[in-house]
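Biologist: Before we begin, I should like to hear how the terms applied to this model are justified. May I ask for the reasoning behind each of them?

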Amino acid sequence: MGKSRKTVQIVILLAVLIIGGYAIGSTLFAADNKGPLKEGDKPPAFELLDLEGNARQLSDYEGKAVVVNFWGTFCPPCVKEMPEFERQYAKWKDQGLVILAINLSEDTLTVNNFVRRFDLNYPILRDVNRKTERSYGLKSYPTTFFINPDGTLMEIKVGGMTEVEIDERIERLLKL
Amino acid sequence: MLVVENTKCECGHQNAIGTVLCENCGKPLEHNEVSDLPLEMRYDGVARRSQKSNPNYIDRIWNFFSSVKIAIYLIVLTFLTAMLGTIYPQENTFINNFDPSVYYEQTYGLPGKLYYLLGLSHTYETWWFIGLLVMIGTSLVICSLDRVLPLYRALSKQQIRKHLQFIHRQKTVYKQTIALDEEKWVQEFGTQLKRKGYRIHRDGSALLAEKNRFSRWGPYINHIGLILFLLAILARSIPSWQMDSYITIPDGDTIQIADTNYFVKNEKFTVEFYTDDELPEQLKGTARAKLFETKAVLYECVSNCSDQTRKPELVEVKRHNIIVNEPLTYKGLKLYQFDFDTTPRLNAVHPILVDKKTGEKYGPFDLPMKDSALQHKLGPYTLDLYANYMEFAIGDNGEPTTLSRDPIAPAFVFTVKGPGLEPEGEPYMYFPMQKDKVKFSQDVINHAVADKIEIRVDGMENVDFSEASTYLNVRMDRALPYVWVGAAFSMIGLLMGSYWQHRRIWLRIDEGELSLGAHTNKNWYGMRSEVAGALQKIGITVDPKSLDNGGNNA
């Protein structure tokens, strides 16, 4: 009797440890994932098409410094920033800088006309039905996410930037 | 130093440590004082399972949770901390882009900031609150197990002939001298008790009558229910077990429900209001909704679901007209009508091209506001879409621009080729909405071309627009059935324990001296009158009150 009682005790306490551990653990884990994105967080994954129709994922650029910029033709500061990003891209691409400019779910002709007008060479990705924009919790445009090579957010910049401001952040991102 | 307690009864039975009444004969195992007060009958006087003379560390943890006192502390602590969560609204009551780090301080000032910083803005999801629930669950399991097993054992092998002290120290006692034949008396009394629903066990001149023992299992069944309930609540944290989100769907659109394989189409949203005739006097002239209805179709994606380069392949799985309180349900997924927006949205127009010289009409052609075909051929004319704007405006630099991405004031710029036009084509600007045509003076912009051709829409049947958008609340709660099962068990256990009483009567006749003791777990009044009633039937009249031997709740 004594032996089986001990087994029952151990089985029950183990079950408590596993179930309770899972329940408590998941609340601790969920606490990190809740709320808006912060510096140091891992940005949400996405898979979007570029203008050539190739699917690109954020994870394709693991280990690289990535700038994710959300833009639309209807947002004047975004329009102003795009050629600046182009110049920055030309300046830093040999150092491994990746710029992904995610369009805010506009239609193909609008995006194509815009890109042609400014002759942009970095990948322009097309969000569909505002899905990616939502997962990044965007509230206003433009918003730019600077992602460290280790995949964590270095900075979230809401609103337009001057070219000097972009340059300074990219330098920090590339750890120069 | 170890002191081994002597737990051997005078009847020769070796009892476990912590035993109050000998498991065999029922003699009270009191060492210090000999009392004649009513006995403590809880758990029939058996030792709790975990009571041990030299506990190790596992036993210590076990004993901690086995204590009812600890269980009560835990429950009170949980109640008190649960109250904290009701001071300000919890985070999960807000929808859409809500930033708690700002909200609480802005709305409630310093207390709000502290509330947020202490994590009380999500009290019921904090590690310590869940921890308390886990501890209550553990305590439920261990407390029950430690008591139900010994109790079960004690009740299934009851000794019929109990120790005289045991009988005399019950709360309901009757003593009498019997002149008749002992065996016959016991036989007759037994028959009377049997009529009252007792099971009779006899051992010569001793008798044990018992009824409704099952009510003793009520609390434990209730506990099983509560444990199931708790487990179900905890199971909600398993991914995909619980979901509570909101989607907006304009008429005619199909939208994916985030984090699922499902797509929902809103075929048509309808809102009806009461007419003034239907409203009482004080409500006349107000918009009172009579009906919100979304004709919804649920699709499941079967292939190309995560492939962005191809269109997902959808299969219709359910069609339902969602109205308030009648959600679309499919495999645990529920879509509730939540809100609506009656701002119309232009989706497409089907304009025609008119040759102003000949009066000839060509078309109509399909011109959606978004992602239109880039070329339209209409008889001898070719229209190349050159640019489009969702909300047309002239920017600060004098160039055309769009102010938003929603078709609020759409404009299209075509290069038109055809009879009477320049061979390389002439630009033509087209505003589908009449108000914009006037506002931006379409004919002036198009000047010369405006005299040669016109693009226009003939009749409302050639305008495709969404009258409204529906807001649906998407819910999924796989834990709910288990919550119900738990609640049902809990209720059954509660009823078993509350509406029936476990009653037992012991009696023995020693040389003409009748000793009768009776015990019930509640309703002593009923117990006494039952004993008195049975005695009455065999010719002994006693006042039920006189059977009372004192003690609490007697």
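Modeller: Let us start with two helices of chain A in this predicted model. Glu84(A), Phe85(A), Arg87(A), Gln88(A) and Trp92(A) in H2(A) meet Glu163(A), Ile166(A), Asp167(A) and Ile170(A) in H5(A).

Biologist: What makes these residues of H2(A) and H5(A) a contact?

Modeller: Two residues are in contact if their C-beta atoms, placed from the backbone, lie within 7 Å. Residues of H2(A), including Phe85(A) and Trp92(A), meet residues of H5(A), including Ile166(A) and Ile170(A), and are therefore said to be in contact. By class, the contact has four nonpolar, one polar and four charged residues.

Biologist: How are the helices H2(A) and H5(A) placed, in angle and in distance between their axes?

Modeller: Helix H2, residues 76-92 of chain A, packs against helix H5, residues 163-173 of chain A, at an angle of about 35°, and their axes are 10 Å apart.

Biologist: Why is the crossing of H2(A) and H5(A) called right-handed?

Modeller: A crossing is right-handed if the near helix is turned clockwise from the far one by less than a right angle. H2(A) passes H5(A) in that right-handed sense.

Biologist: How many residues of chain A are in contact with chain B?

Modeller: On the side of chain A there are 35 residues, in contact with 32 residues of chain B. Helix H1 (2-33), strand S1 (47-50) and helix H3 (108-118) of chain A each give two or more residues to that side. The largest share, 14 residues, comes from H1(A). By class, this side of chain A has 16 nonpolar, 14 polar and five charged residues.

Biologist: What are the domains of chain A, and where do their bounds come from?

Modeller: The domain assignment of chain A gives domain 1 (1-34) and domain 2 (47-173). The C-alpha centres of these two domains lie 45 Å apart. For chain B, the assignment gives four entries: domain 1 (48-154), domain 2 (167-217 + 505-547), domain 3 (242-345 + 468-477) and domain 4 (351-456). The centres of domain 2 of chain B and domain 3 of chain B, taken over C-alpha atoms, are separated by 69 Å.

Biologist: What makes S4(B) and S9(B) edge strands?

Modeller: Four strands of chain B form an open sheet in the order S4-S23-S10-S9, with antiparallel pairing. Strand S4 (242-250) and strand S9 (328-330) of chain B each pair on one side only. Neighbouring strands of the sheet are turned by 25° against each other on average, direction ignored.

Biologist: How do you know that S4(B) and S23(B) pair?

Modeller: Two strands pair if DSSP finds at least two bridges between them. S4(B) and strand S23 (residues 469-477) of chain B have nine bridges, so they count as paired, in the antiparallel sense. Ser245(B) stands opposite Val474(B) in S23(B).

Biologist: How many bridges join S10(B) to S23(B), and how many join S9(B) to S10(B)?

Modeller: S10(B) is joined to S23(B) by eight bridges, and S9(B) to S10(B) by three. Both numbers meet the requirement of at least two, so both are pairs. Tyr336(B) stands opposite Asn473(B) in S23(B), while Leu328(B) stands opposite Leu335(B) in S10(B). In the hairpin of S9(B) and S10(B), with two residues between the strands, Lys331(B) takes a positive phi near 45°.

Terms used: Residues are numbered from 1 along each chain as its sequence is written. Chains are lettered from A and ligands numbered from 1 in the order in which they are written. This is a predicted model: local features need pLDDT of at least 70, side-chain atom pairs count only at pLDDT 80 or more; totals for chains, interfaces and linings use all residues. Domain bounds come from an automatic or database domain assignment. Axes are lines fitted to C-alpha atoms, for helices over the stretch in contact, and angles run from 0 to 180 degrees between N-to-C directions. Ala, Val, Leu, Ile, Met, Phe, Trp, Tyr, Cys and Pro count as nonpolar, Asp, Glu, Lys and Arg as charged, and the others, Gly among them, as polar.
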